Amino acid sequence: MSSTAAPPRVSRVLIANRGEIALRVVRACRTVGVGAVVATSTADLDSLAARSADRALCIGPPSAAASYLKVAAVVTAAQMGGCDAIHPGYGFLAESPELADACVEEGLTFVGPSARLLRLFGSKVSAREAARAAGVPLSAGTEELADAQAARAAADELGYPVLIKPVRGGGGKGMRVVSAAEEMEAAFALARQEAIAAFGDSALYLERWVARARHVEVQVAGDGTGTVLHFGDRDCSVQRRQQKLVEEAPAPALPAALQDAIRESAVALCSSVRYNSVGTVEFLVDVDRGDYFFLEVNPRIQVEHGVTELVTGIDLVALQLRLAAGEPLPWTQDEVRIEGAAIECRVNAEDPDLGFRPSPGRITGWHPPTGAGVRVDSHCEQGYLVPPFYDSLIAKVMAVAADREAAITRLEGALAEFRCEGIATTTTLVGRILAEPDFHAVRHHTKWLDTLPQPKE
């Protein structure tokens, strides 16, 4: 179903990111026939993404704040590289309205949604308002809260336990579960400190806490006219401290009516705001109540987009480029086919036996799995030095098959074949998760991993 036609208004793309997503975008640029320039820090000058692109431009030292997070440096690199578009990947500046604004000011195309949408969905409070206006179910929650006293008063009305959440950001940072009124002041202060450190914004709000929830998200794309398609859903419920470890598509064992409602809600929300790129709408499914509610919108490509590509046959990054160039969506909803099941595990440079301590260093042996139905997205190779400055993700191992059990079996075989020497990784932990009877029976939820015997901290 993918198209190889070159975007008419994009000829050369600056990729303002690193690691596996930078390499993934380089390959998508080749697919649609446009040039690729990679912006790198000094730590990534010899990376596989930099060597694979047409050109690499250094934008600063290893510190992300002095390189990948500098809007001015990224825009200057695009101009120096003769680029007419910037693809931000995920993380870093991917959800930055300031970068989107700068692109407009400098006559560059931002490969992502408009600054208006980035601001709308960058605040969870305004995102909730948009969802409410579109008729999408919401959890009980509050507006932005002034202080711990206001939070305590709101929690008394909502009923404990409640979840403190930052208005901006994601990845679980700044989130705190509060079980009783006397815990609120300390939890609110800690959440505020972490939100400031992670997102530069101290704003917080409350939501009703769901003890057993599945994290289900819907992949969408819109062309800015109000036309929005979905590409099925994913389950991302296997998490450690709000960080996803295993993702699969489609979300398994959802009642058909519930699955349809979740997908329709995602389309309704994005259609109502005239969404104009690829994105993901996230929901929580209350396991005990059997209902669902809106969580947030990620207005960018997701880490786990590959499992959706495997079951739809659609190159989502190439679609991003075509939409950014002003092309309409090339399919109708009826033409989007979801076949089989795909599952992905993230491989991080961390040691699960030592409290998930980061494990940067030299990869002395690198033997990724191969074979039918197996896909590995990674920027690593033998001899690669995993730097200590960034996220610990070094690979995503995926498997696709006719059904979920076959996909799990295929992924287990792929992990058994995987060899990464010289550093510690999370492959053994993921292998253990895949073998758990509760995972096979889809009895897992976002806190399920915490119920398993934990490695020593």
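Modeller: Contact here means heavy atoms within 4.5 Å. The model under discussion is predicted.

Colleague: Which residues in helix 6 are met by Arg119, Leu120, Phe121 and Gly122 in helix 5?

Modeller: Helix 5 covers residues 115–122 and helix 6 covers residues 124–133. The contact of these helices divides into four nonpolar, two polar and two charged residues. On the helix 6 side, the residues met by Arg119, Leu120, Phe121 and Gly122 are Lys124, Ser126, Ala127 and Ala130.

Colleague: Is helix 5 roughly parallel or roughly perpendicular to helix 6?

Modeller: Two packed helices are described by the angle between their axes and the distance between the axes. For helix 5 and helix 6, the axes come within 5 Å and cross at roughly 100°. Angles of 65 to 115 degrees count as roughly perpendicular. Helix 5 is therefore, with respect to helix 6, roughly perpendicular.

Colleague: Within what arc do the buried residues of helix 5 fall, seen down its axis?

Modeller: The buried residues of helix 5 are Ala115, Leu117, Leu118, Phe121 and Gly122. They line one face of the helix, because seen down the axis they fall within an arc of 160°.

Colleague: Which strands do the buried residues of helix 5 pack against?

Modeller: The packing partners of these buried residues include helix 4 (97–105), helix 6 and helix 9. The strands in the list of partners are strand 5 (109–110) and strand 13 (291–298).

Colleague: Why are the buried residues of helix 7 said to be on the same side, and what arc do they cover?

Modeller: Helix 7 spans residues 148–158, and its residues Ala148, Ala151, Ala154 and Ala155 are buried. These buried residues pack against strand 6 (162–166), helix 8 (184–199) and strand 8 (204–208). They lie on the same side of helix 7 because the arc they cover around the axis is only 120°.

Colleague: Which exposed residues does helix 7 carry on the face turned away from its buried side?

Modeller: The buried side of helix 7 is formed by alanines, namely Ala148, Ala151, Ala154 and Ala155. The face turned away from that side carries the exposed residues Gln149 and Glu157.

Colleague: Which residue caps the N-terminal end of helix 7?

Modeller: The cap is identified from a side-chain oxygen that lies 3.2 Å from the backbone nitrogen of glutamine 149. The residue that supplies this oxygen is aspartate 147.

Colleague: Which residue is joined to tyrosine 160 by a cis peptide bond?

Modeller: Just after helix 7, glycine 159 takes a positive phi of about 95°. The cis bond that involves tyrosine 160 has an omega of about 0°. Its other partner lies in the loop between helix 7 and strand 6, and this residue is proline 161.

Colleague: What is omega for the peptide bond from alanine 249 to proline 250?

Modeller: Proline 250 is placed in the loop between strand 11 (243–249) and helix 9. The bond that leads to proline 250 from alanine 249 is cis, with omega near -10°.

Colleague: Is alanine 253 buried or exposed?

Modeller: Alanine 253 is found in the loop between strand 11 and helix 9. Its phi is near 60°, a positive value in a residue other than glycine. The cut-off for exposure is over 50% relative accessible area. Because its relative accessibility is 61%, alanine 253 counts as exposed.

Colleague: What is the relative accessible area of glutamine 242?

Modeller: Glutamine 242 lies in the loop between strand 10 (228–240) and strand 11. This residue, which is not glycine, has a positive phi near 65°. Glutamine 242 is partly exposed, with a relative accessible area of 27%.

Colleague: With which side chain does the side chain of serine 41 make a polar contact?

Modeller: Serine 41 is found in strand 2 (residues 35–41), and it is buried, with a relative accessible area of 0%. The residues it touches include Cys58, Gly60, Ser67 and Tyr68. Its polar contact, at 2.7 Å, is with the side chain of tyrosine 390.

Colleague: What distance separates the C-alpha atoms of arginine 274 and threonine 227?

Modeller: Arginine 274 lies in the loop between helix 9 (256–272) and strand 12 (278–286), where it is partly exposed at 47% relative accessible area. Among the residues it touches are Arg116, Leu117 and Gly226. Arginine 274 and threonine 227 are 47 residues apart along the chain, yet their C-alpha atoms are separated by 7.3 Å.

Notes:
Residues numbered from 1 in each chain as written. Predicted model: local features only at pLDDT ≥ 70, side-chain atom pairs only at ≥ 80, totals over all residues. Heavy atoms only, no water. Helix = DSSP H or I, 4+ residues; strand = E, 2+ residues; numbered from the N terminus. Buried < 20%, exposed > 50% of the residue type's maximum accessible area, 1.4 Å probe, protein only. Axes fitted to C-alpha atoms, helices over the stretch in contact; angles between N-to-C directions. Parallel < 35°, antiparallel > 145°, perpendicular 65-115°, else oblique. Nonpolar A, V, L, I, M, F, W, Y, C, P; charged D, E, K, R; others polar. Arc of directions from axis to C-beta. Polar contact = N/O pair within 3.5 Å; in protein donor to acceptor, adjacent residues only side chain to side chain. Lists of a residue's contacts leave out its neighbours within four places in sequence.
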